[in-house]
Amino acid sequence: MLAPKGLPSGQDGGVGTHLDVVGVIMAGGAGERMRRSGEPVPKPMVQVAGRPLVEHNLLALLKAGVRDVAVVVGASGEAAELVSAWAAVAGRDLVAGVGGRLELVVEATPLGNAGALTLVRRECATLLLVFADNLTSLDLAELATAHAETSADLTLAVHDETFVLPYGVVDQVSGVVVGYREKPGVPVTVGSGIAVVGPAAAAALSAGAMPAGVIDLVHRSVESGLLVRSYPHRAAWIDVNDAASRDRAEALVRADPDAFEL
C-alpha cells in the first residue's frame, strides 16, 4: 500500500513520488507551559524560522510525498481558532500546490492525543501521525516505507535522549564502592511522537474507550496480537514546549534549512 508511485506531471512540487497514506497532524494543544515561558500564542502556531510549527510538520509530510493530510483541532479555544484559520488559507494553499488536499478535523469532545485518529475516516487507510509541537528532520518517507516492508501494524519512531540524573551514582560490588559518578547522563529510548498506524491498529484503538493516547494505541495493538515495531533514528528532534526549546528549534532550522523546506 505504501509503494511510491509517480505523481501526475506538474503536481509533484519538486517531489517525484507520493505515498498512499493519510498524514495526520495533531494540533489541538493549547500549550500552557509555552505561555508561561512568555510565548503569546498556542504551541502549533509558535513561529520557528518564519513558519508556525504546524506548517513545519505539514512541509515534512509533503516532502515525504504525502498528499492527503488531516489537521486535527479542538472544538473551541484560541488554538482551534488560529490553527483553523491557518489551515483554511496557508495550509490548503501549500497542499493544493502539490496536487493534494487538506481536511480540517474538529474534535467535538477531547479524544486524547491519539483518539482523533478515529475521526480520520478513510477506508483501509494507513495513517502517518505527527504532532504539531514537535520539530524533526526525520525522513518520513523512509519511516513509512520501513513500516510497509516489515508488514507491521503499528510502527513507532524512537530515538535516544540523555537524561542527567540529579544525584551522584555509587557503583558498588557486594558493599564495596568501586566508583562514583556525579550526576551522570543516562540514555533512554523514547517515542518521537511519530507513528505509522495501519488499519488493524486503528481498529484496535477504536474498539476501546475514549479519550485515548498513544499509550492506549500501543497497549490495545499489543493486546490484540498485532505487530508493533520500532523505528530507531538519529535525526534531529525537538519537543517545542517552552521559549528555550523554541530557540533551540530556531537554531536547528537556521543551521540546516534544506532539511525543513519542501
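Contact here means heavy atoms within 4.5 Å. By that rule, Thr150 touches Leu227 and Arg229, leaving aside residues up to four places away in sequence. The model is predicted. Thr150 lies in the loop between helix 5 and strand 9. Its relative accessible area is 31%. Partly exposed is the term for a value between 20% and 50%, so Thr150 is partly exposed. Thr150 and Leu227 are 77 residues apart along the chain. Their C-alpha atoms are separated by 9.3 Å.

Step back to the whole chain. Its secondary structure comes to eight helices and 14 strands. There are 262 residues, and buried residues make up 45% of them. The chain exposes about 12,500 Å². Carbon and sulfur atoms supply 54% of that area. Now take the contacts between residues at least 6 apart in sequence. Of these, 71% join residues at least 24 apart.

Cys124 gives another example of two residues far apart in sequence. The C-alpha atoms of Cys124 and Pro199 are separated by 5.5 Å, with their positions 75 residues apart along the chain. Cys124 sits in the loop between helix 4 (112-115) and strand 7 (127-131). Its relative accessibility is 55%. Exposed means over 50%, so Cys124 counts as exposed.

Next, helix 2. This helix covers residues 53-63. Nine of its eleven residues are buried, so helix 2 is largely enclosed by the rest of the structure. Leucines on the buried list are Leu53, Leu58, Leu59, Leu61 and Leu62. The list also holds Val54, Glu55, His56 and Asn57. Just after the helix comes Gly65, with a positive phi of about 100°.

Strand 11 (residues 176-182) is hardly covered. How many of its seven residues are buried? The count is zero. The partner of strand 11 is strand 10 (residues 168-173). The two run antiparallel, joined by six bridges. Within this pair, Asp171 stands opposite Gly179 of strand 11. Strands 10 and 11 form a hairpin, with two residues between them.

The turn of that hairpin deserves a look. Most residues other than glycine have a negative phi, and most peptide bonds are trans. Ser174, in the loop between strand 10 and strand 11, has a positive phi of about 55° although it is not a glycine. Ser174 is also exposed, with a relative accessible area of 78%.

Ser151 is another serine with a positive phi, near 55°. Its place is in the loop between helix 5 (140-149) and strand 9. That loop also holds Thr150. Ser151 is exposed, at 57% relative accessible area.

Now turn to a pair of helices. Two packed helices are described by the angle between their axes and the distance between the axes. Helix 6 spans residues 199-206, and helix 7 spans residues 214-223. Their axes come within 8 Å and cross at roughly 105°. Angles of 65 to 115 degrees count as roughly perpendicular, and helix 6 and helix 7 are therefore roughly perpendicular to each other. Helix 6 brings Ala201, Ala204 and Leu205 to the contact. Helix 7 brings Leu217, Arg220 and Ser221. Which classes do these residues fall into? Four are nonpolar, one is polar and one is charged.

Helix 7 has further cover. Its buried residues are Leu217, Val218, Arg220 and Ser221. Among the elements that cover them are strand 9 (154-164) and strand 12 (185-197). Helix 6 and strand 13 (228-232) are also included. Leu217, Arg220 and Ser221 thus appear both among the buried residues and in the contact with helix 6. After helix 7 comes Gly225, whose phi is positive, near 80°.

One feature remains in the loop between helix 6 and helix 7, where Pro211 is placed. Which kind of peptide bond joins Met210 and Pro211? The bond is cis, with omega about 0°.

Conventions
Residues are numbered from 1 along each chain as its sequence is written. This is a predicted model: local features need pLDDT of at least 70, side-chain atom pairs count only at pLDDT 80 or more; totals for chains, interfaces and linings use all residues. Side-chain values use heavy atoms; hydrogens and water are left out. Helices (H or I, at least four residues) and strands (E, at least two) are DSSP runs, numbered from the N terminus. Buried means under 20% relative accessible area, exposed over 50%, partly exposed in between (1.4 Å probe, protein chains only). Accessible areas come from the Shrake-Rupley method with a 1.4 Å probe; for residues, only the protein chains shown count as cover. Two strands pair if DSSP finds at least two bridges between them. Axes are lines fitted to C-alpha atoms, for helices over the stretch in contact, and angles run from 0 to 180 degrees between N-to-C directions. Angles under 35 degrees count as roughly parallel, over 145 as roughly antiparallel, 65 to 115 as roughly perpendicular and the rest as oblique. Ala, Val, Leu, Ile, Met, Phe, Trp, Tyr, Cys and Pro count as nonpolar, Asp, Glu, Lys and Arg as charged, and the others, Gly among them, as polar.
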